[in-house]
Amino acid sequence: MPFKFYFNVFFFVFCSFLLQAQTDGFAEFEMDQLGIKKYQPNWTIGATDSLFVEISNGQKYLLHTIRAGQTLYSIKKFYGVDLSDIYYSNPNISNTNDLKVGEKLRIPILSKAIKRFQETNFDATAYIPIFYKVRPSETMYRISKVYFRLPTEILMSRNQLLSENISSNQVLHIGWIDKNGIPDSLKNFTGLPGILGEESQKNKYRYEAVFNGKNEKTLQGTACWDKAMELSAKNKLYVMCSYVPKNGIVRIENPMTNRELYAKVVAAKPENSFTQKSIIVLTPTVAHALGGLDARFYVKVHYCQ
C-alpha cells in the first residue's frame, strides 16, 4: 500500500494514544460554575495512598496533596465542602489559578466523616487510611479520647503499640475515609471551626437573653470587609455596626450560602468611602465564616432593641 496510507494510520493511532494519555484519570464531565463542560478527575486512589489529619482550634482538617489535573471544584466535590470553606481554610489561595501540583490543601471535615471502626467484612482496599502526627506534649489518652473518641486500646492495637507511651512526630493510624469521597450524609460543614462555633454559640445565648420577648429587627443590605485587615484575635467574631450599641450582639445571615452566626459589636460603623452604603463592617474571620468571597456581599442583620 502507498506510504501515505500507512502514515495516516500511524498518525491516527498516535493521536488516539495522546488523547488517552491526556484524559487518563478522568472519568466524567461536569459543569463548572461558569457553565463550561469539562472533565473532572477520577478519584480512584491507590492502596499506598494516605491522608493526614491535623487539628487546629478544635477543627479537624485533612491535608490533601494536589495532583495534576485536579481543580478546586473536583476537590470540593470529593470532600463535600463549599469552595468558600476551602478558601477560608487556605488563605494563600485566592483563585483556581493558585493551585500548584504537590501543594497541600487543608480540607475542613466533620469528625464523623472519619471511619473509626472496622465492621464485619471490612474491605480496607475500599478506603483511604487516615493518619495523625503527634505534637509535643500530647498523650495517647488525649488523642484517642478527646480528639477522635476512640477507645485507647483500639488505637494502640491499630498501631501495634505495647504501651500508651508516644513521642512527638510519631505517626498514628486513626481511621479511614471512603475512596469514592465523603458521603452526602456527612457533607454539612458549616464554615465555623470548633473555636468559632463555640464563640457563636456563646454570643447566641447572650442574644437570646437580651431578646427575651422584645421585638427583633432585621436589616438587609451590603456587608463590607477588608481582606488585608490584620487581626489580633482571629478566634473572635467581631463586627462594627451603628444600629447596635458597643458590646451588643447581632445575628448575621448570608442567604447565598445559608450560613448564619452571632457576632459581637465592638464599635460603630466608621463612615468613609469604603464603608459607604454598607450596613455593617465585618472582620475577615466573620466574612470567611459566612462564606463571603467578595469584599462586599449581601447579608441580613438581625438585632434587638
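In this predicted model, E260 has a relative accessibility of 37% and therefore counts as partly exposed. Its salt-bridge partner is R251, with the closest N and O atoms 3.0 Å apart. R251 has a relative accessibility of 14% and is classed as buried, because the limit for that class is under 20%. The pair thus joins a buried arginine to a partly exposed glutamate.

The structure contains 8 salt bridges. Another of these links K269 to E271, where the closest N and O atoms are 3.1 Å apart. K269 is buried at a relative accessible area of 10%, whereas E271 is exposed at 62%. E199, K202 and K236 are connected into one network by salt bridges that share partners. A salt bridge is also formed between K115 and E119, with a distance of 2.8 Å between the closest N and O atoms. Both residues of this pair are partly exposed: the relative accessible area of K115 is 22%, and E119 has a relative accessibility of 41%.

An open sheet is formed by 5 strands in the order 5-4-3-6-7, and its pairing is mixed. Strand 5 and strand 7 are the edge strands, each of which pairs on one side only. From one strand to the next, the twist averages 35°. Helix 2 packs on this sheet and touches strand 3, strand 4, strand 5, strand 6 and strand 7. The direction of helix 2 makes about 35° with that of strand 5.

Within the sheet, strand 4 and strand 5 are antiparallel and are joined by 6 bridges. L63 has R106 in strand 5 as its bridge partner. Strand 4, residues 59-65, is also antiparallel to strand 3, to which 5 bridges join it. In that pairing, V53 stands opposite L62 in strand 4. Strand 3 and strand 4 form a hairpin with 2 residues between the strands, and N57 in this hairpin has a positive phi near 55°. Strand 3 runs parallel to strand 6, and 2 bridges join them. Here L51 is placed opposite I130 of strand 6.

The two faces of strand 3 differ in burial. L51, V53 and I55 make up the covered face, while F52, E54 and S56 make up the uncovered one. In a regular strand, side chains alternate between the two faces of the sheet.

The largest nonpolar core comprises 36 residues, among which L62, Y79, I107, I143 and F148 touch the most other members. At least two residues of this core come from each of strand 3 (51-56), strand 5 (104-109), strand 6 (127-133) and strand 7 (171-178), and likewise from each of helix 2 (72-79), helix 3 (83-89), helix 4 (140-147) and helix 5 (152-158). Helix 2 makes the greatest contribution, with 4 residues. A second core, separate from this one, has 26 residues, including L196, A223, V286 and F297. In soluble globular proteins, nonpolar side chains tend to be buried together.

The surroundings of I107 illustrate the packing in the largest core. Apart from its neighbours within four places in sequence, I107 is in contact with K60, Y61, L62, H64, I75, Y79, V81 and I86. L62 and Y79, both in this contact list, are also among the residues that touch the most other core members.

Helix 4 has four named positions of interest in its burial pattern: M140, I143, S144 and Y147 are its buried residues. Viewed down the helix axis, these buried residues fall within an arc of 120°, so they line one face of helix 4. An α-helix has 3.6 residues a turn, so residues three or four places apart point the same way. The buried residues of helix 4 pack against strand 3, strand 4 and strand 6, and also against helix 5 and strand 7. Helix 4 is followed by R149, which has a positive phi near 50°.

Methods:
Residues are numbered from 1 along each chain as its sequence is written. This is a predicted model: local features need pLDDT of at least 70, side-chain atom pairs count only at pLDDT 80 or more; totals for chains, interfaces and linings use all residues. Side-chain values use heavy atoms; hydrogens and water are left out. A nonpolar core is a set of buried Ala, Val, Leu, Ile, Met, Phe, Trp, Tyr and Cys residues joined through side-chain atoms within 4.5 Å. Buried means under 20% relative accessible area, exposed over 50%, partly exposed in between (1.4 Å probe, protein chains only). Contact means heavy atoms within 4.5 Å. Two strands pair if DSSP finds at least two bridges between them. The arc is that of the directions from the helix axis to the C-beta atoms. Axes are lines fitted to C-alpha atoms, for helices over the stretch in contact, and angles run from 0 to 180 degrees between N-to-C directions. A salt bridge is a side-chain nitrogen of Lys or Arg within 4 Å of a carboxyl oxygen of Asp or Glu.
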